[in-house]
Amino acid sequence: MLLKITVGITSIHMSGKAWEIQQKLKEYSLRYQYVSDWIAACQGAASETDKGQ
């Protein structure tokens, strides 16, 4: 897979084949109801790793 996912402060950018993006969106839709929930979870994980250093 050559799918690239970049999570920003207020957005998510995905680049890759259309079927890869669709598959990944379906996967994440099982975990998160809204994109904002996904972004918040990614930012929370990043801040926790920063605290450990």
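How many residues does the hairpin use to join β1 to β2? The hairpin joining these strands runs through 4 residues. Here are some friendly notes on this and the rest of the model.

1. **Ground rules.** This is a predicted model, in which local features need pLDDT of at least 70 and side-chain atom pairs count only at pLDDT 80 or more, while totals for chains, interfaces and linings use all residues. Residues are numbered from 1 along each chain as its sequence is written, and side-chain values use heavy atoms, with hydrogens and water left out.

2. **Overall layout.** The protein chain has 2 helices and 2 strands, and along the sequence they come in the pattern β-β-α-α. Both kinds of element are DSSP runs numbered from the N terminus: helices are H or I with at least four residues, strands are E with at least two.

3. **The strand pair.** Strand β1 covers residues 4-7 and strand β2 residues 12-15, and the two pair in the antiparallel sense over 4 bridges. Pairing here requires that DSSP finds at least two bridges between the strands. If you want a register marker to check in your viewer, T6 stands opposite H13 in β2. As a general reminder, side chains in a regular strand alternate between the two faces of the sheet.

4. **S15, in strand β2.** S15 has its place in strand β2. With a relative accessible area of 37%, S15 is partly exposed; the scale calls a residue buried under 20% relative accessible area, exposed over 50%, and partly exposed in between, using a 1.4 Å probe and protein chains only. Not counting residues up to four places away in sequence, S15 touches L2, L3, K4 and I21, where contact means heavy atoms within 4.5 Å. For L3, the C-alpha to C-alpha distance from S15 is 5.8 Å, although they are 12 residues apart in sequence.

5. **K24, in helix α1.** Is K24 buried or exposed? K24 counts as buried, because its relative accessibility is 19%. Leaving aside neighbours within four places in sequence, K24 is in contact with L3, I5 and M14. L3 is therefore worth selecting when you look at either residue, as L3 is listed among the contacts of S15 and of K24.

6. **Salt bridges.** The structure holds 2 salt bridges, each defined as a side-chain nitrogen of Lys or Arg within 4 Å of a carboxyl oxygen of Asp or Glu. K24 forms one with E27, the closest N and O atoms being 3.3 Å apart. K24 and E27 both lie in helix α1 (residues 18-31), 3 residues apart, or about one turn of the helix. R31 and E27 meet in a salt bridge at 3.8 Å, N to O. R31 and E27 are 4 residues apart in helix α1, so about one helical turn separates them. K24, E27 and R31 are thus linked in a network of salt bridges.

7. **Exposure along that network.** The three residues of the network fall in separate accessibility classes. K24 is buried at 19%, E27 is partly exposed with a relative accessible area of 35%, and R31 counts as exposed at 54%.

8. **Aromatic pairs.** There are 2 aromatic pairs in the structure. The rings of Y28 and Y32 have centres 6.2 Å apart and planes at 20 degrees, so this pair is stacked. Y28 and W38 also form a stacked pair, at 4.1 Å centre to centre with 25 degrees between the planes. The pair links distant parts of the chain, with Y28 in helix α1 and W38 in helix α2 (residues 35-51), 10 residues apart. Rings of Phe, Tyr and Trp (its six-membered ring) pair if their centres lie within 6.5 Å; planes under 30 degrees apart count as stacked, over 60 as edge-to-face and the rest as tilted.

9. **The aromatic cluster.** Y28, Y32 and W38 form one aromatic cluster. W38 is buried, with a relative accessible area of 6%, and Y28 counts as buried at 18%. Y32 counts as partly exposed at 22%.

10. **Whole-chain totals.** Buried residues make up 15% of the 53 residues in the protein chain. Among contacts between residues at least 6 apart in sequence, 29% join residues at least 24 apart. The accessible surface comes to about 4400 Å², of which 56% belongs to carbon and sulfur atoms. Accessible areas come from the Shrake-Rupley method with a 1.4 Å probe, and for residues only the protein chains shown count as cover.
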